[in-house]
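Good morning, colleagues. Please take a moment to look at the sequence and the structure before I begin.

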Amino acid sequence: MNQPSRDAFRIPRELIARYNVAGPRYTSYPTAPEWRDGLSVAQASLLIEQNQLSRADVPISLYVHIPFCHRLCWFCGCNMWVTSREELVARYLEAVCVEIERLAARLNPKREVVQIHWGGGTPTFLNSRQLVMLFEAIARHFRIRSDAEISLELHPSVTSHEQLDTLAQLGFNRVSMGIQDFDERVQAAINRPQGFDLTKRLIERCRELGFISVNTDLMYGLPYQSHEGFDTTLALIEQLRPDRIALFNYAHVPWLKAHMRMIKEDTLPSPDEKLGLFELAIDALLKQGYRYIGMDHFATSDNELSVAQINGTLRRNFMGYTTCSDSDLYAFGPSSISDLDRAYLQNHRNVNDYIRLVSEGDLAVVRGLELNEDDRLRRAVINDLFCLLRVDKVRIGQQFGIDFDGYFADALARLVPLRDDGLVTMDERHVSVTPQGQILLRNVAMAFDAYYHRGERAGSRFSKTV
C-alpha cells in the first residue's frame with residue numbers, strides 16, 4: 001500500500017460543508033450511547049465467564065485508568081479528577097490493586113498479556129513508589145509476555161527523570177505525551193503551559209533510556225490557533241521527531257464538559273480555518289516523512305504501525321491503533337472499558353463510587369453491552385475501514401457466513417453519494433477509502449452503522465466529523 005501524494009488529501013470545501021455532520025468517532029461499535037446503564041455485577045460476571053470459556057487461549061491486553069491531574073486543561077474530554085488529596089489517591093490505588101487481583105482470578109492464568117497501557121488523567125501524577133506498587137500488582141497476577149507493549153501517557157510538565165527511570169526499570173517501552181500546540185497564547189487559553197525545551201529534554205531522556213516508541217499528541221481547532229502559529233509548532237515537531245503523532249480534532253462540547261466554558265467560543269477558529277489547520281498539519285507531516293495511518297494518526301514510515309497497515313495486521317481498540325494480535329482488553333479504574341469479543345463493560349465514572357463498589361466486594365461495572373452477531377459483523381467492517389482503509393467483502397463474507405452485497409445492501413446504497421464524490425471506490429471485492437475519504441473516515445463508517453440510522457436519534461449525541 002503506497003503512501004499517496006500530499007495533494008491527494010486535499011478536499012474541496014463544498015464536500016466538507018456537505019459531510020461535516022455530527023457523527024461517532026468509532027472507538028467502539030456499537031458506540032457508547034447504545035450501551036445499557038444499570039448493568040448488574042451478576043450480568044457482567046456472566047459475560048466475563050462466557051468470554052473466558054470461548055477465548056481461554058486468546059492473549060490479553062490490559063488498561064489502567066489513572067484519573068488524577070494536578071490542574072485542569074480546559075480542552076480535556078477525559079474522565080479526570082483534579083486533586084491534591086493524598087488520602088484519596090491512596091484509597092484509589094488500593095481499590096485498583098484489589099480489582100486487578102479480583103478480575104485476574106476469573107481468567108485462565110496461562111493467558112499471556114501482550115499489551116499494557118496506563119491512561120488518564122495523568123498517570124505520572126503517581127510518584128515512583130506508587131508507579132512500582134501499581135505495576136507490581138499487575139505482574140503478580142498476570143503473565144506478561146517478554147515482548148509485550150507496555151505504554152503510558154505522561155504530561156511533560158509533571159514528569160520527572162526519576163519517574164522515567166522507574167518506568168524503564170519496570171519494563172515500560174513506550175510513552176505518549178500531549179503537546180497540543182507550542183504557541184504560548186494557545187497554551188494560556190487552554191490552561192496548559194508547556195515549554196518546548198522541557199518537552200525536548202524529556203523526549204531525549206526517554207530515548208536515552210531505550211523506549212522503543214516516543215509518541216506525541218497535537219490538537220487543531222483550539223482557541224487562538226493560527227496558520228502561522230501552528231506551522232511553527234509543526235516545525236518544532238520535526239526537531240523532536242516523535243515515532244507516532246496523534247492529531248486530534250478539538251470538539252468543543254461545553255454542554256457535556258462544563259470546564260470547556262472557560263474557552264470563549266469567539267476565540268475558536270472558524271470551520272474553514274479549522275480545516276486549514278488540519279490540511280497544514282497533514283501536508284507538513286507527510287513532507288516530514290510520516291505515513292497517514294488513519295483518521296488522526298501518523299507514524300514514521302518504518303514504524304510498526306506503518307508496517308502493520310501495509311501487511312494488513314493493524315488493529316484498533318480503546319487504547320488506539322495497535323499491532324498486537326487478537327486479544328481481549330480488560331480494563332481497571334473509574335470509567336475504564338473492557339473490550340471483549342462479545343461485550344463491552346464499563347466501570348463507574350466517579351472515583352469515590354468506584355472505590356466504594358470495589359470495597360463492597362465485587363466488580364465496579366455499571367454499564368455495558370452484550371454484542372449480537374450483527375454488532376460483531378459491523379464492528380469488523382468498521383475496524384477494517386479505520387485500520388486498513390478498505391474492506392475485503394469476500395473475506396468478511398467468509399468469516400461471518402454472509403453474502404456481503406446482499407447483507408449490506410442499505411450500507412452500499414448509502415455509499416453511492418460518497419463514491420460519486422470521490423471518497424470511496426467500490427468493486428466486486430473491495431470497498432476502499434480514497435485519500436480524500438480518509439479525511440471523512442467517520443462519514444464512511446457511518447454508512448455501516450445500524451444504530452446511527454435509527455430515526456430521530458441519528459447524530460444527535462456526537463461532535464462534528466471535521
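I shall go through the nonpolar cores, one helix, one pocket, and then some points of backbone geometry. Please keep in mind throughout that this is a predicted model.

Let me begin with the interior. The largest nonpolar core has 132 residues. Within that core, the residues that touch the most other members are W118, L134, F142 and F448. Which helix gives the most residues to this core? It is helix α3, residues 86-104, with a contribution of 10. As a general remark, nonpolar side chains in soluble globular proteins tend to be buried together.

A second core, of 15 residues, lies apart from the largest one. Its members include W74, F75, M219 and M260.

Two residues give a view of the packing. The first I have chosen is L134. With neighbours within four places in sequence set aside, L134 is in contact with V64, I66, L93, V96, C97, I100, W118 and L126. One of these partners, W118, is also among the residues of the largest core that touch the most other members.

The other residue is I100, which sits in helix α3. Is I100 buried or exposed? Its relative accessibility is 0%, so I100 counts as buried. Beyond residues up to four places away in sequence, I100 touches L134, A137, I138, H141, F142 and F332. Between the C-alpha atoms of I100 and L62 there are 9.7 Å in space, while 38 residues separate the pair in sequence.

I turn now to helix α9, residues 271-287. How far does α9 reach from its first C-alpha to its last? The distance is 24 Å for 17 residues, close to the 24 Å expected at 1.5 Å a residue. The helix is mostly covered, with 12 of its 17 residues buried. Among the buried positions are L275, L277, F278, L280, I282, L285 and L286. The buried set is not restricted to such side chains, for K274 and E279 are buried as well. After α9 comes G289, which has a positive phi near 100°.

Next, the second largest pocket. This pocket holds about 720 Å³ of space. It is lined by 31 residues, and those closest to its centre are R315, D326, R379, A380 and N383. Which element supplies the largest share of the lining? That is α12, with 8 residues. Elements that each supply at least two lining residues are β12 (315-317), β14 (328-332), α12 and α13 (393-400). Sorted by class, the lining has 12 nonpolar, 8 polar and 11 charged residues.

Helix α12, residues 373-388, also contains R376. Why does R376 count as buried? Its relative accessibility is 15%, and the cut-off for a buried residue is under 20%, so this arginine falls within the buried class. Leaving out residues up to four places away in sequence, R376 touches D341, R342, L371 and F400.

I come now to the backbone, starting with the cis peptide bonds. The bond from Y29 to P30 is cis, with omega near -5°. P30 is placed in the loop between α1 (13-19) and β1 (36-37). The bond from G120 to G121 is cis as well, and here omega is near 20°. G121 belongs to the loop between β5 (112-120) and α4 (128-141). I would invite you to look at both sites on the screen.

Positive phi values follow. Q180 is not a glycine, yet its phi is positive, at about 70°. This residue is in strand β7, residues 174-180, and with 5% relative accessibility Q180 counts as buried. R241, another residue other than glycine, has a positive phi near 50°. Where is R241 placed? It lies in the loop between α8 (227-240) and β9 (244-249). With a relative accessible area of 31%, R241 is partly exposed.

Finally, a word on R454, found in the segment after α17 (441-446). At 45% relative accessibility, R454 counts as partly exposed. The C-alpha atoms of R454 and D392 are separated by 26 Å, and the two residues are 62 apart along the chain.

To close, I return to two points. Helix α3 gives the most residues to the largest core, and α12 supplies the largest share of the lining of the second largest pocket. Thank you for your attention.

Definitions and conventions:
Residues are numbered from 1 along each chain as its sequence is written. This is a predicted model: local features need pLDDT of at least 70, side-chain atom pairs count only at pLDDT 80 or more; totals for chains, interfaces and linings use all residues. Side-chain values use heavy atoms; hydrogens and water are left out. A nonpolar core is a set of buried Ala, Val, Leu, Ile, Met, Phe, Trp, Tyr and Cys residues joined through side-chain atoms within 4.5 Å. Buried means under 20% relative accessible area, exposed over 50%, partly exposed in between (1.4 Å probe, protein chains only). Helices (H or I, at least four residues) and strands (E, at least two) are DSSP runs, numbered from the N terminus. Contact means heavy atoms within 4.5 Å. On a 1 Å grid over the protein atoms alone, a cavity is a set of points where a 1.4 Å probe fits but cannot get out, and a pocket is an open set with protein on both sides within 12 Å along at least five of seven lines; lining residues have an atom within 4 Å of a point. Grid points are joined across faces, edges and corners, and a volume is the space filled by probe spheres set on the points. Ala, Val, Leu, Ile, Met, Phe, Trp, Tyr, Cys and Pro count as nonpolar, Asp, Glu, Lys and Arg as charged, and the others, Gly among them, as polar. The expected span of a helix is 1.5 Å times one less than its number of residues.
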